[in-house]
Amino acid sequence: MIPCQRHLFDIPDDIAYLNCAYMSPQLRSVTNAGRESTALKAFPWRITPGDFFNASDRARELCAQVMGAEAPDIAIIPAVSYGMAVAAANVDVPRDSSIVVLSEQFPSNVYPWKELAREKGANIITVPRPENWNWTTALLSAIDETMSVVAVPHCHWTDGTLIDLEKVGDRCREVDAALVLDVTQSLGVLPLPLNSVQPDFMVTAAYKWLLGPYSTGFLYVAPPHQNGRPLENNWISRINSEDFANLVNYSSEYQPGARRFDVGERSNFTLMPLAVAALEQILQWQVPRIAETLSRMTDMISKRARELDLAVSPRHLRAGHLLGLRFQQGVPEELPARLSREKVYVSVRGDCIRVSPYLYNNEGDIDRLFDVLEAVL
């Protein structure tokens, strides 16, 4: 168990921020890294050719460690939508095949597939939300030999309900379907057995559970796809791009691994040091320890929610770091404003409130949430 880490964040005592699934607060160490990196552009003569590579490659290496991957398998991207566009450009989708998504899935992992299905004459199959909370069984039932792509998360962003990715990966290989994952709501806080799951592409934004900056993300590309087509043709992704004096000697050969899929200006002297500082802290805490600590917290929240007759998914079917508290008659109209007045921060998603604590939270924050819920109910 990790003790409360609130001292590493700049969160006032009167704030109960239980909303990391929306956007993480920034670590003090990340803020300090940002001050230094922002100031660097004032002195461009201090920026060396090596600086175009060092921080971004360090971030790539650290993210690979969090994923359980190798650094060459990671591309640096600005957003989930960018990573999904890369995946959509590099999967085989025959006419009349099907692409599977989940009901109420986050839009960045839906829109690219709808557009690709329209272009290819394929079908979108949307798995409805199961009444028994078991997404895995519902998803496995939907996957058959007509599938070309299965595009899903590790846990549902609205309420934390889990998908057993090892079973889904096995089924995708049986029917020869590509597996494309959005792990924005799980990477860094939920252990991922990458070698067993074997996704074709896996995308994450950095500004939630990776505690990093906005407009930064990472894309895992399985080795069989690493000779694919990038969205851009930027200079830094080409072989020998470290040699600035010879950039005019153009090359058709790319840097090895997934680097060909890097976004242009991936060096981002301002944001990359922030991502590095955040990832270093996560690795110091260790993902399994983070997961265990937060599971204890959400178990407490779940128990108290059930005492108020709120519906919560069974423990074995949800992630340990976020959960939805579902109201039988929908979220009370006055609840969001009341929570805001009391400086208790959660997210309203559909007919539930999504509660997503992190290591900066304590029992007092949970008490404040339930003080409001009890007053409204």
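User: What makes the contact between the side chains of Glu307 and Lys303 a salt bridge?

Analyst: A salt bridge needs a side-chain nitrogen of Lys or Arg within 4 Å of a carboxyl oxygen of Asp or Glu. Glu307 and Lys303 meet at 2.9 Å, N to O, so the pair fits that rule. Please keep in mind that this is a predicted model, where local features need pLDDT of at least 70, side-chain atom pairs count only at pLDDT 80 or more, and totals for chains, interfaces and linings use all residues. Residues are numbered from 1 along each chain as its sequence is written, and side-chain values use heavy atoms, with hydrogens and water left out.

User: Where do Glu307 and Lys303 lie?

Analyst: Both belong to helix H9 (residues 287-307), and they sit four residues apart, about one turn of the helix. Helices here are DSSP runs (H or I, at least four residues), strands are DSSP runs too (E, at least two), and both are numbered from the N terminus.

User: Why is Arg259 called buried, and what is said of its partner Asp57?

Analyst: Buried means under 20% relative accessible area, exposed over 50%, and partly exposed in between (1.4 Å probe, protein chains only). Arg259 has 15%, so the label is buried. Asp57 has 23% and therefore counts as partly exposed.

User: How do you know that Asp57 and Arg259 form a salt bridge?

Analyst: Their closest N and O atoms are 3.8 Å apart. That pair links distant parts of the chain, 202 residues apart: Asp57 is in helix H2 (residues 54-67), while Arg259 is in the loop between strand S8 (217-221) and helix H8 (272-285). A search of the whole structure finds 21 salt bridges.

User: What makes Arg129 and Glu104 another such pair?

Analyst: Their side chains meet at 3.0 Å, N to O. Arg129 is in the loop between strand S4 (123-127) and helix H5 (135-142), and Glu104 in the loop between strand S3 (98-102) and helix H4 (111-120). With 25%, Arg129 is therefore partly exposed, and Glu104, with 49%, is partly exposed as well.

User: Why can Met23 be part of a surface patch?

Analyst: Patch members need over 30% relative accessible area and no salt bridge; like charges are joined within 9 Å, nonpolar side chains (Val, Leu, Ile, Met, Phe, Trp, Tyr) within 5 Å. Met23 has 34% relative accessibility, so it is partly exposed. Tyr22, Met23 and Tyr214 form a nonpolar patch with about 330 Å² of accessible area together, by the Shrake-Rupley method with a 1.4 Å probe, where for residues only the protein chains shown count as cover.
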